[in-house]
Amino acid sequence: MRASINQTGRKMIPADELSIQLIDEYNLKFKWNFSSLKLNKDSEAILELSAIGNSERICIPSENILEPGEMIISLDKYIVTKGITGRLKIVSVGTDGIRYILNESKTLRLENDRLEGEQGKSLLDVYNDPQLRVPWQLAFDDGEPVLKVSDYHENAPKIYTHTIFQTSILPDVMRQISFWLLTEDPDESQNSKVSLWWKLIEELGLSLEDRNYLTGKVTKDLEVLNEIMLKCQEIADTFAVKHNILQKLSNFISEEEG
Amino acid sequence: MSHLKLKSIGRFNSLGISKFSALLKLPMQEVLSGTDDLTRNPEFFESIPCEMEIHPIESRLELAEILHKSISVNLKLKKLLSDQGMWSWLAAAWMPALFENSPKSAKIGEQARWILDVQKTRYYRHLLAGPYFIYHHHLPHPKNALSILGGSAIVPGELVGQIAASSDIAFSVGAEVATILYVDPKTGRPKKGSGGAGPGSPRRLTAAYLNQIDLTVDYRGMSAKEVLSILPKEFDKFKIT
């Protein structure tokens with residue numbers, strides 16, 4: 001099972017200790033039952049709810065949250081109640097006035113809104129699996145994409161310059177580079193080549209709105225990752241069409257057969 | 001001049017949405033001339049009594065004010081705030097007014113600008129629903145969100161694109177922080193140099209700062225002044241009014 005820690009190394013509140021569910025169109029129930037939540041007198045529990053067109057913060061008294069309980073939250077102000085997500089934070093105000101997050105939950109999804117609640121394995125983990133053994137690999141060691149190829153086979157140099165190999169992998173290389181740019185959002189000021197890559201994928205159909213939106217999400221959830229994958233596939237398809245990949249392959253086959 | 005006083009507005013049915021979607025794929029002049037028929041032909045929509053004045057506007061804020069004035073007093077419309085048919089009809093009806101006196105860069109653009117995409121990750125792109133939702137959320141002080149309400153309604157601009165794309169920021173004190181940093185209080189327009197991706201830019205504020213500290217700091221529970229006080233030095237140049 002994946003460890004429940006966030007990117008800063010903080011242990012997250014286990015998902016089974018709290019939940020949100022719609023009672024009806026106008027009310028939501030928040031339930032909690034913590035096993036090891038530590039609070040001090042200065043800490044606060046904040047439940048943040050968000051949905052299309054709305055965002056709300058609800059402060060839960062510390063003394064109430066230590067015992068199992070539930071609360072009903074009115075959704076009168078909400079434009080859309082489907083797909084509401086939540087996040088519980090335990091916050092402590094420092095002497096400098098900064099509100100530090102001591103502990104937090106994973107994203108809470110409505111228990112009775114299955115379309116929004118489905119979970120899956122992180123695509124990033126699958127994608128970046130170092131154990132993957134392949135004849136070619138796209139690496140980003142120096143902040144820019146580099147295509148590495150295996151020389152295991154005797155005919156490797158011929159393979160990598162062959163039409164069939166190039167027409168097969170180049171669109172996917174383009175897809176992977178797009179994925180890297182949109183998920184890593186590398187600093188353009190550190191490497192001028194990165195700007196050229198951005199320019200290239202913008203020419204291949206990435207709009208400014210899409211770029212802003214997709215790179216703006218630091219903690220990318222499955223929904224956003226799926227959108228990124230889809231956009232990268234579109235970019236790769238445009239690349240393939242622009243460079244007549246299929247035509248080149250077809251011509252090659254015709255020549256071979258002729 | 002595109003000036004209309006409506007006694008009722010429409011709510012596209014599925015045929016109306018389908019026709020509008022097909023129309024949006026045509027060249028701009030054909031789209032502009034085609035919306036008139038689409039918003040008048042009762043075959044394509046259901047009519048809802050509602051007084052609304054449509055005329056050329058200067059900003060997303062002005063547009064949101066007009067929409068709010070009509071919607072807030074109408075019980076039926078309040079229940080249709082996430083309705084694709086209503087927002088799409090409104091967008092079609094407003095289209096000629098939005099293009100009037102618009103910047104040269106104005107274009108029809110992607111479908112989500114006109115037909116409300118009810119996905120959580122795209123709805124804000126709608127040219128009418130986007131500013132309306134932001135305005136509604138930031139009441140009674142919508143001008144605090146001028147960073148995402150101040151742009152042209154038809155060409156929202158990079159500042160709007162950056163801030164509105166992150167709903168955690170757009171629907172929190174983050175919008176006010178962006179307003180203080182990037183909007184000139186005298187003109188209501190973006191400050192010089194607030195575009196791009198360089199140090200102190202809106203892109204840095206969202207992707208490289210607020211979305212990062214969100215893991216350790218509950219900035220959404222702090223005042224704009226408090227958030228400004230913890231920003232790195234790269235933002236100092238924009239703190240000066």
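Me: Which residues of helix 11 of chain B does helix 8 of chain B meet?
Reply: This is a predicted model. Helix 8 spans residues 157-164 of chain B and helix 11 spans residues 202-213. From helix 8 of chain B, the contact uses Leu159(B), Gln162(B) and Ile163(B). Their partners in helix 11 of chain B are Pro202(B), Arg203(B) and Thr206(B).

Me: How does that contact of helix 8 with helix 11 of chain B divide by class?
Reply: Nonpolar, polar and charged residues each take part. The split is 3 nonpolar, 2 polar and 1 charged.

Me: Are helix 8 and helix 11 of chain B roughly parallel or roughly antiparallel?
Reply: Their axes lie 9 Å apart, at an angle of about 10°. Angles under 35 degrees count as roughly parallel. The two helices of chain B are therefore roughly parallel.

Me: What is the orientation of helix 3 of chain B to helix 5 of chain B?
Reply: Helix 3 covers residues 60-71 of chain B. Its axis and that of helix 5 of chain B are 13 Å apart, with an angle of about 135°. That angle makes helix 3 of chain B, relative to helix 5 of chain B, oblique.

Me: Is the crossing of helix 3 and helix 5 of chain B left-handed or right-handed?
Reply: The packing angle here is about 135°. For this pair in chain B, the crossing is right-handed.

Me: How many nonpolar residues are in the contact of helix 3 with helix 5 of chain B?
Reply: Helix 3 of chain B brings Leu63(B), Ile66(B), Leu67(B) and Ile71(B). Helix 5 of chain B answers with Trp87(B), Leu90(B), Trp94(B) and Leu98(B). No polar and no charged residues enter the contact, and the nonpolar count is 8.

Me: Are helix 5 and helix 9 of chain A roughly parallel or roughly antiparallel?
Reply: Helix 5 (163-184) and helix 9 (245-257) of chain A have axes 10 Å apart. The angle between them is about 165°. Angles over 145 degrees count as roughly antiparallel. The two helices of chain A are therefore roughly antiparallel.

Me: Which residues of helix 9 of chain A meet helix 5 of chain A?
Reply: The crossing of these two helices of chain A is left-handed. Helix 5 of chain A contributes Thr163(A), Ile164(A), Thr167(A) and Pro171(A). Helix 9 of chain A meets them with Ile245(A), Lys248(A), Leu249(A) and Phe252(A).

Me: Where does Asn244(A), with its positive phi, lie?
Reply: Most residues other than glycine have a negative phi. Asn244(A) has a phi near 50°. Its place in chain A is the loop between helix 8 (222-242) and helix 9.

Me: What is the order of strands in the open sheet of chain A?
Reply: The sheet has 3 strands, paired antiparallel. Its edges are strand 1 (18-24) and strand 5 (69-74) of chain A, each pairing on one side only. Neighbouring strands are turned by 20° against each other on average, direction ignored. The order is 1-2-5.

Me: Which residue stands opposite Lys31(A)?
Reply: Strand 2 of chain A covers residues 27-32 and runs antiparallel to strand 5 of chain A. The two are joined by 6 bridges. Opposite Lys31(A), in strand 5 of chain A, stands Glu70(A).

Me: Which residue in the turn between strand 6 and strand 7 of chain A has a positive phi?
Reply: Strand 6 (85-93) and strand 7 (99-104) of chain A pair antiparallel over 5 bridges. Ser92(A) stands opposite Tyr100(A) there. The hairpin has 5 residues between its strands. In the turn, a phi of about 85° belongs to Gly97(A).

Me: Is the aromatic pair of Tyr123(B) and Phe133(B) stacked or tilted?
Reply: Tyr123(B) sits in the loop between helix 5 (84-99) and helix 6 (129-138) of chain B, and Phe133(B) in helix 6 of chain B. Their ring centres are 5.8 Å apart, with 45° between the planes. The pair is tilted.

Me: What is omega at the cis peptide bond of Leu139(B) and Pro140(B)?
Reply: Most peptide bonds are trans. Pro140(B) lies in the loop between helix 6 and helix 7 (146-149) of chain B. The bond joining Leu139(B) to Pro140(B) is cis, with omega of about 5°.

Notes. Residues numbered from 1 in each chain as written. Chains lettered and ligands numbered in written order. Predicted model: local features only at pLDDT ≥ 70, side-chain atom pairs only at ≥ 80, totals over all residues. Heavy atoms only, no water. Pairing = 2+ DSSP bridges. Helix = DSSP H or I, 4+ residues; strand = E, 2+ residues; numbered from the N terminus. Axes fitted to C-alpha atoms, helices over the stretch in contact; angles between N-to-C directions. Parallel < 35°, antiparallel > 145°, perpendicular 65-115°, else oblique. Left-handed = near helix turned anticlockwise from the far one by under 90°. Contact = heavy atoms within 4.5 Å. Phe/Tyr/Trp six-rings, centres within 6.5 Å; stacked < 30°, edge-to-face > 60°. Nonpolar A, V, L, I, M, F, W, Y, C, P; charged D, E, K, R; others polar.
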